[in-house]
Amino acid sequence: MISRRVALGSLTALFAAPSVRAQAPWPTRPVRIIVPFGLGGSADVAARFLAEPLSQALGQPFVVENRPGGGATIGTDAVAKAAPDGHTLLLMSNTHTANETLLPSRPYVLLRDLAPVAAINVAYHVLAIHPSLPVRTLPELVAHLKANPGRVDYASSGPGTPYHIAGEVFAAMAGVEINHIPFRGSNEARTAVIAGQVPMMFDAIPTMREQITGGRVLGLATTGPERSPLLPELPAVAETVAGYEASIWLGLMAPAAVPRAVVDRLNAEVNRLLALPATQEAQARMGALPMPMTIEAFRAFVTRDVDRQREWIRMARIQAN
């Protein structure tokens, strides 16, 4: 698990700076940030990273509430149906843009029932394998998978998550067949790979890096357009599978009818936080790049990602179950 002290402790003293003030009397009570994923994952860490400085800047506690389940739909629907007064927010990821295609019967429509507030960050993955798999490089893995179609499994944090889609798009672009084994979160999936129950997975670089350096798993490649500064010795997947790239990005949303003054204020505070050098250093240690955007730019980004995820899902023939 990524240390929350790393993400939070070094920044505590930096958030006394004046913040953008809006006329709306908000917040008037604690604000909930609902994370529709389990404890310890990237979204959970990001929510807790934001909660303390937002509490200091806005004068009310920001409380993180994990509400996983239903492929992120349970917590998301709770926010979509919450009072649009700015006291309930959603920590979302590209799982949500994938769900627009994967889960046609979900009880909400992302950009109809929720309002984009602020982008947070983007991070890439590492492809890690258990040492029992008889390969040591990505080209060797591709050759092994081609020689054993459908006989190798990979773990993910659940259907429709970025780690699931990373695996399916990799298989489609590399021309191989692998079996998806979904778990209820990245911690469970990672534990299964470390134990050798499942031989491979795409996972967060900072979290899996500890397992790679400790020799419990082998890192084969990272999923960014270039090599990762956190694991510079590993090639990018694109060096073997041309054009491949996979990431996880995070952002904040609110119920659709939330007052624009509230959204403006939140967007300004998040962007101020992301611009701080200490934030950028802490994000780099977590393998993430801050992604400040205006509200309009974030809406356009989410819209484009819905379309991009739809193309990937159709190309890789991904199904939710």
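# Pockets, cores and aromatic pairs

Helix α8 gives the largest share of the lining of the largest pocket, namely four residues. This is a predicted model, in which local features need pLDDT of at least 70 and side-chain atom pairs count only at pLDDT 80 or more, while totals for chains, interfaces and linings use all residues. Residues are numbered from 1 along each chain as its sequence is written, and side-chain values use heavy atoms, with hydrogens and water left out.

## The empty spaces

Let's start with the gaps. The largest pocket holds about 570 Å³ of space. Its lining is made of 41 residues, and F37, S157, T161, R184 and G185 are the closest to its centre. On a 1 Å grid over the protein atoms alone, a pocket is an open set of points with protein on both sides within 12 Å along at least five of seven lines, a cavity is a set where a 1.4 Å probe fits but cannot get out, and lining residues have an atom within 4 Å of a point. Points are joined across faces, edges and corners, and the volume is the space filled by probe spheres set on them.

Which elements each supply at least two residues of that lining? They are α2 (42–58), α4 (94–102), α7 (162–174), α8 (186–194), β7 (200–204) and β9 (247–255). These labels are DSSP runs numbered from the N terminus: helices (H or I) have at least four residues and strands (E) at least two.

The second largest pocket contains about 240 Å³. It is lined by 13 residues, with Y124, S228, P229, G287 and L289 closest to its centre.

Now for the closed spaces: the model has three cavities of 30 Å³ or more. Around the largest cavity sit 16 lining residues, of which S42, N121, A123, M286 and A288 are nearest its centre. Here α2, β4, α9 (205–213) and β9 each supply at least two lining residues. For the second largest cavity, α7 and α12 each do so, and the residues lining that cavity include N94, P162, E245, D305 and W312.

Here is how the linings divide by class (nonpolar: Ala, Val, Leu, Ile, Met, Phe, Trp, Tyr, Cys and Pro; charged: Asp, Glu, Lys and Arg; polar: the others, Gly among them).

| Space | Volume | Nonpolar | Polar | Charged |
|---|---|---|---|---|
| Largest pocket | about 570 Å³ | 17 residues | 19 residues | five residues |
| Second largest pocket | about 240 Å³ | eight residues | three residues | two residues |
| Largest cavity | about 140 Å³ | 12 residues | four residues | no residues |
| Second largest cavity | about 90 Å³ | six residues | three residues | three residues |

## The nonpolar cores

The largest nonpolar core (buried Ala, Val, Leu, Ile, Met, Phe, Trp, Tyr and Cys residues joined through side-chain atoms within 4.5 Å) has 41 residues, and F62, L89, L91, L252 and L266 make the most contacts inside it. At least two of its residues come from each of β1, α2, β2, β3 (88–93), β4 (114–129), β9 and α10 (260–275). The largest share of this core belongs to α2, with 10 residues. A separate core has 32 residues, among them V135, V176, I178 and L220.

What does F62 touch? Leaving out residues up to four places away in sequence, F62 is in contact (heavy atoms within 4.5 Å) with W26, V31, I33, A51, L54, S55, L89 and L266.

## An aromatic trio

There are five aromatic pairs in the structure. In one of them, F170 and Y244 meet edge-to-face, 6.1 Å centre to centre and with 85° between the planes. Rings of Phe, Tyr and Trp (its six-membered ring) pair if their centres lie within 6.5 Å; planes under 30 degrees apart are stacked, over 60 edge-to-face, and the rest tilted. F170 belongs to helix α7 and Y244 to the loop between β8 (218–222) and β9, so this pair links parts of the chain 74 residues apart.

F170 is buried at 0% relative accessible area, and so is Y244 at 1%. (Buried means under 20%, exposed over 50%, and partly exposed in between, with a 1.4 Å probe and protein chains only.) Y244 also forms a tilted pair with F202, at 6.2 Å centre to centre and 35° between the planes. Because F202 is in strand β7 and Y244 in the loop between β8 and β9, the pair ties together parts 42 residues apart in sequence. F202 is buried too, with 0% relative accessible area. Together, F170, F202 and Y244 make one aromatic cluster.

## Backbone oddities

W26 and P27 are joined by a cis peptide bond, with omega about -5°. P27 sits in the loop between α1 (4–8) and β1 (31–35).

A72 is not a glycine, yet its phi is positive, near 80°. A72 lies in the loop between β2 (62–66) and α3 (73–80) and is buried, at 3% relative accessible area. R317, also not a glycine, has a positive phi of about 55°. R317 is in the segment after α12 (295–316) and counts as exposed, at 74%.
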